[in-house]
Amino acid sequence: MRVLGIETSCDETGVAIYDTEHGLLAHRLHSQIAMHIDYGGVVPELASRDHIRRMVPLVREVMAEANTAADQLTGIAYTAGPGLAGALLTGAMFARSLAYAWSLPAVGVHHMEGHLLAPLLEPKPPAFPFVALLVSGGHTQLMRVDGIGRYELLGESIDDAAGEAFDKVAKMLGLDYPGGPQVAKWAQQGDAKAFKFPRPMLDRPGLDFSFSGLKTAVLTARDQTPDYPNRLADICASFEDAVVDTLLRKCLRALQQTGLKRLVLAGGVSANKRLRQVLAERLQAIGGEAYYPAPAFCTDNGAMIAFAGAQRLVAGESVDLVVTVRARWPMTELAAV
Ligand code: KG4
Ligand code: ZN
């Protein structure tokens with residue numbers, strides 16, 4: 001089975017072709033960062049319009065690179081949610097129309113299932129069951145994963161997502177959007193012990209997260225540090241340390257609670273080098289193993305949508321001609337494969 005995957009849930013147009021026998025054949029990404037940077041964040045209407053501009057050229061490029069003609073495809077997968085409704089609709093309408101024109105089945109993929117399954121694209125994929133930490137701009141969730149579509153929510157953020165906290169802190173500190181990579185870059189030159197930031201909700205039982213108090217603590221630190229601009233790296237490093245430490249300890253708690261030893265890290269924040277390193281080291285120390293996507297497939301991309309779509313198409317799933325997208329969509333509503 002050979003599947004064309006299309007991702008347009010936010011500010012990246014991602015297109016890829018995944019083959020269930022030969023693996024990932026081609027992938028392309030157009031990031032809209034340069035377009036949104038002056039606004040300090042994603043402008044939804046601009047995002048939708050840009051997806052429309054990019055889609056046809058990107059599809060042509062991946063088809064050429066994968067040496068694939070329309071009649072060699074078995075299906076088309078697109079992100080059906082969660083995300084920005086307008087942006088989702090551009091990809092969904094395009095993908096569904098193309099599938100109709102080429103007489104192919106189409107399938108709507110859950111964006112976070114795409115992220116969750118991205119580590120399965122790697123040469124050494126994790127076996128089920130495992131615990132997954134999903135950390136993106138809109139979600140922070142711990143899941144028990146027993147198979148594709150068999151997800152049990154163990155805990156989630158009660159306010160900001162981890163990526164959102166990175167983005168908001170970056171904005172407070174005068175750094176550009178998207179904030180995560182900027183904060184991480186500054187953090188590399190800073191002292192993580194310089195500021196004592198809270199580790200929210202670690203003193204309480206359970207697996208939920210909260211990042212809004214940490215954000216306020218960073219704001220206070222900024223305002224109470226007289227030589228603040230010179231301490232930017234230290235603030236970034238101490239903030240990153242607080243997020244990584246909180247995520248690590250909740251992951252260890254989830255592994256203990258489920259009795260599992262495999263941890264999968266996915267979503268945009270899984271690109272964070274320090275988080276990857278700390279989780280890998282701690283998992284090794286307890287005889288477990290951490291798995292994560294290649295850096296290019298941590299943030300939004302078409303490969304994860306082609307892959308997740310292929311799994312669902314293989315299982316016989318497809319959508320009819322009515323195109324629906326969902327801005328909000330709990331992952332636990334997905335059907336097991
Ligand atoms: O998964 P993603 O590309 O989009 C969503 O589904 O939300 O995640 C984007 C998020 C942003 O909040 C961004 O700041 C964060 O991932 N991010 C990072 C890093 N790279 C991206 N956060 C921390 N460190 C990074 N290196
Ligand atoms: Zn994403």
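Ser48 is found in helix H2. I start there as a small example of what I will do with this model, which is a predicted one. Is Ser48 buried or exposed? With a relative accessibility of 9%, Ser48 counts as buried, because the cut-off for buried is under 20%. The side chain of Ser48 also makes a contact: it reaches the backbone nitrogen of Ala87 at 3.3 Å.

Now the chain as a whole. The protein chain has 10 helices and 10 strands. Its radius of gyration is 20 Å, close to the 20 Å that the globule rule gives for 337 residues, so the chain is as compact as a globular protein of that length. If you want box dimensions, the C-alpha trace spans about 65 × 45 × 30 Å along its principal axes. Of the 337 residues, 54% are buried.

One of those buried residues is His110, with a relative accessible area of 1%. His110 sits in strand E5. For a sense of distance inside the model, take His110 and Lys185: they are 75 residues apart along the chain, and their C-alpha atoms are separated by 30 Å.

Next, the metal. Which residues are the protein donors of the zinc ion, ligand 2? They are His111 through NE2, His115 through NE2 and Asp300 through OD, lying 2.0 Å from the zinc ion. In sequence, the spacing of these donor residues reads H-x3-H-x184-D. His115 lies in helix H4, and Asp300 lies in the loop between strand E10 (289–291) and helix H10 (303–314), so this pair ties together parts of the chain that are 185 residues apart in sequence. Both His115 and Asp300 are buried.

Two of the zinc donors turn up again at the other ligand, ligand 1. A polar side-chain atom of His111 lies 3.0 Å from an oxygen atom of ligand 1. For His115, a side-chain N or O atom is 2.9 Å from an oxygen atom of ligand 1. Asp167 also makes such a contact, with a side-chain N or O atom 2.6 Å from an oxygen atom of ligand 1. How much of ligand 1 does the protein bury? Taken alone, ligand 1 exposes 550 Å², and the protein buries 87% of that.

The shell around ligand 1 has 17 residues, and those that come nearest are His115, Gly137, Asp167, Gly180 and Gly268. By class, the shell has 4 nonpolar, 11 polar and 2 charged residues. Keep in mind when reading those numbers that glycine is counted as polar here. Where do the shell residues come from in terms of helices? Helix H4 (111–117), helix H5 (162–172) and helix H6 (179–187) each supply at least two of them. H5 gives the largest share, 3 residues.

That leaves the backbone. Most residues other than glycine have a negative phi, and most peptide bonds are trans. I have four places to show against that background.

Start with the cis peptide bonds. One joins Gly81 and Pro82, with omega at about -15 degrees. Pro82 is in the loop between strand E4 (75–81) and helix H3 (85–101). Another joins Phe128 and Pro129, where omega is about -5 degrees. Pro129 is in the loop between H4 and strand E6 (130–135). H4 is also the helix that holds the zinc donor His115.

Then the positive phi values. Asn67 is not a glycine, yet its phi is positive, at about 50 degrees. Asn67 lies in the loop between helix H2 (44–65) and E4. H2 is the helix of Ser48, where I began. The other case is Ser103, which has a phi near 55 degrees, again positive in a residue other than glycine. Ser103 is in the loop between H3 and strand E5 (106–110), and E5 is the strand of His110.

Are Asn67 and Ser103 buried or exposed? Asn67 is exposed, with a relative accessible area of 65%. Ser103 counts as exposed at 65% relative accessibility. The cut-off for exposed is over 50%.

To go back over the ligand sites: His111 and His115 are donors to the zinc ion, together with Asp300. The side chain of His111 also contacts an oxygen atom of ligand 1 at 3.0 Å, and the side chain of His115 does so at 2.9 Å. That is what I have from the predicted model.

Methods. Residues numbered from 1 in each chain as written. Chains lettered and ligands numbered in written order. Predicted model: local features only at pLDDT ≥ 70, side-chain atom pairs only at ≥ 80, totals over all residues. Heavy atoms only, no water. Near = heavy atom within 4 Å. Polar contact = N/O pair within 3.5 Å; in protein donor to acceptor, adjacent residues only side chain to side chain. Areas by Shrake-Rupley, 256 points an atom, 1.4 Å probe, with all protein chains shown as cover. Helix = DSSP H or I, 4+ residues; strand = E, 2+ residues; numbered from the N terminus. Buried < 20%, exposed > 50% of the residue type's maximum accessible area, 1.4 Å probe, protein only. Donors = N, O, S within 2.8 Å, 3.2 Å for Na, K, Ca; no water. Rg over C-alpha atoms; globule rule 2.2 N^0.38 Å.
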